[in-house]
Amino acid sequence: MSVSSFHAALLFPVALVIAWAGSVANAEPPLRKQALEFVRVSDDKTHFVGAESGTRIVFWGVNYDHNDPGELLEDYWRERWDEVVADFKEIAALRCNVVRIHLQVARFMKTADEPDEFHLGQLSKLVKLAEETGLYLDLTGLGCYHKQDVPAWYDALSEEDRWDVQCRFWKAIAGVCKESPAIFCYDLMNEPILPGNKPETEWLAGELGGKYFVQRITLDLKGRTREEVAQAWVAKLCAAIREVDSRRLITVGVIPWAQTFKGAKPLFHGPEVGKPLDFVAAHFYPKKDDVAGSLEALKVYDVGKPLVIEELFPLGCTLEEAHEFIEGSKPFVDGWISFYWGKTIEENRATGDLKGAIVAAWLEYFRDHSPLAEQP
């Protein structure tokens, strides 16, 4: 699941932070703008390429899901746009080429039928900023991360009406983004789940640090299989997006159940459910003392499409093990996306506390091991 730096701080060994900080303390590389072009899947379905050039693109970047105090992007991009601009420049300086952005339903839909024009305008500014800084955007939508902000009218909708709102949300987003080469993909929803045979009463689940990163796409299977519901939902939302933006890549970022339950198979990226999706996005946090097992679980999601690790952080393992996991995944993975919470390496280290040391060491490692550093 998505994590905060606070949770990471609880699990990262101090000695390893110090050791790695010393071993990767290279001079910060100069900011270099990346050339952006529309992205497509290669003809052999194994990786990403530029739509015109055919040049392979490997993604290396961060989730910009909240800032250090825990504010979501839409909480501060009205009054503090300069902060967003500065953060994008800092992300580019980490030798990243993609930023994953999380868009909330409450900010982009005023009512079931009316999109919020102000926030669509801010999204347009963000797209321009991405173009200017040479960063692709992974736009993850339908967020309800702050439960208190979720409109009562949205939670009161039936499954059918809720899906209709979700389609309107994505059509509005695609309408803003369709002409820009800076959009890498649309991720339909962060970590969608389904109920069991017993109906549920809450759309949100899995509270973590005051946020709800997990969301159900229905409350009641009503005699349907989980695959039937997931297939209908994916097909409906993909069709809505492609009415507006037919050339953009679409995915769903999923919890890797194969890492928890041996023998588990992908649901949203299974043969039938995942047909409309262009690539696989899975969220992986390697397990301590079990890098080999984490890699085996990851291989379950290598289903004949490009594979992106859309969330990655040494939450429950050492930095060395995270490095081993990344290296072991390179033969079959096409992108790695970690986290950036609005503080530079230097700002994190200057805090003088454990959390700052942890994040500084990881960002330093992530910067210095970027595949973009190998490019001329």
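In this predicted model, Asp-220 touches Glu-159, Pro-195 and Pro-199, leaving aside residues up to four places away in sequence. Asp-220 sits in the loop that lies between strand S10 (211-216) and helix H9 (226-244). With a relative accessibility of 25%, Asp-220 counts as partly exposed, because the buried class ends at 20% and the exposed class begins over 50%. A long separation can be given for the same residue: Asp-334 is 114 residues away along the chain, and the two C-alpha atoms are 35 Å apart.

Leu-120 belongs to helix H6 (residues 117-133). Its relative accessibility is 7%, so Leu-120 counts as buried. Not counting residues up to four places away in sequence, Leu-120 touches Phe-108, Pro-115, Ala-172, Ile-173 and Val-176. The C-alpha atom of Leu-120 is separated by 18 Å from that of Glu-243, which is 123 residues away along the chain.

**Nonpolar cores**

Which residues touch the most other members of the largest nonpolar core? They are Phe-88, Leu-126, Ile-173, Trp-233 and Phe-268, in a core of 103 residues. Helix H8 (residues 159-177) provides the largest share of this core, with nine residues. A second core of 14 residues is separate, and includes Val-41, Ile-57, Phe-184 and Ala-281.

The contacts of Leu-126 can be listed in full. Leaving out residues up to four places away in sequence, Leu-126 touches Leu-73, Trp-77, Trp-81, Val-84, Phe-88, Ile-101 and Leu-137.

**Strands and sheets**

Strands S1, S2 and S3 form an open sheet in the order S1-S2-S3, with antiparallel pairing. Strand S1 (39-41) and strand S3 (56-57) are the edge strands, each pairing on one side only. Strand S2 (residues 48-50) pairs with S3 in the antiparallel sense over two bridges. Val-49 has Arg-56 of S3 as its bridge partner.

Strand S4 (residues 59-63) is mostly covered, and five of its five residues are buried. S4 pairs in the parallel sense with strand S14 (residues 335-339), over five bridges. In that pairing Gly-61 stands opposite Ile-337 of S14. S4 also runs parallel to strand S5 (residues 98-104), to which three bridges join it. Here Asn-63 has Arg-100 of S5 as its bridge partner.

**Cysteines**

How many disulfides does a search of the whole structure find? The search finds zero. Cys-96 has its closest cysteine sulfur in Cys-185, and the 15 Å between the two sulfur atoms is too far for a bond. The cut-off applied to a pair of sulfur atoms is 2.5 Å, so a distance beyond this value does not count as a disulfide. Cys-96 is also buried, with a relative accessible area of 2%.

Cys-144 is likewise in no disulfide. The sulfur of Cys-167 is the nearest cysteine sulfur to Cys-144, and is 15 Å away. Cys-144 is buried, at a relative accessible area of 4%.

**Cavities and pockets**

Three cavities of 30 Å³ or more are found in a search of the whole structure. The largest cavity holds about 90 Å³ of space. Its lining consists of 14 residues, and those nearest its centre are Gln-104, Ala-106, Gly-143, His-146 and Asp-149. Helix H3 (73-76) and helix H5 (105-108) each supply at least two residues of this lining. H5 accounts for the largest share, three residues.

The second largest pocket has 14 lining residues, with Ala-258, Lys-262, Gly-263, Gly-293 and Ala-297 nearest its centre. Helix H10 (257-260) and helix H11 (291-299) each supply at least two residues of the lining of this pocket. H11 gives the most, with four residues. The volumes and leading contributors of the two spaces are set out below.

| Space | Volume | Largest contributor to the lining |
|---|---|---|
| Largest cavity | about 90 Å³ | H5, three residues |
| Second largest pocket | about 210 Å³ | H11, four residues |

Note on methods:
Residues are numbered from 1 along each chain as its sequence is written. This is a predicted model: local features need pLDDT of at least 70, side-chain atom pairs count only at pLDDT 80 or more; totals for chains, interfaces and linings use all residues. Side-chain values use heavy atoms; hydrogens and water are left out. A nonpolar core is a set of buried Ala, Val, Leu, Ile, Met, Phe, Trp, Tyr and Cys residues joined through side-chain atoms within 4.5 Å. Buried means under 20% relative accessible area, exposed over 50%, partly exposed in between (1.4 Å probe, protein chains only). Contact means heavy atoms within 4.5 Å. Two strands pair if DSSP finds at least two bridges between them. On a 1 Å grid over the protein atoms alone, a cavity is a set of points where a 1.4 Å probe fits but cannot get out, and a pocket is an open set with protein on both sides within 12 Å along at least five of seven lines; lining residues have an atom within 4 Å of a point. Grid points are joined across faces, edges and corners, and a volume is the space filled by probe spheres set on the points.
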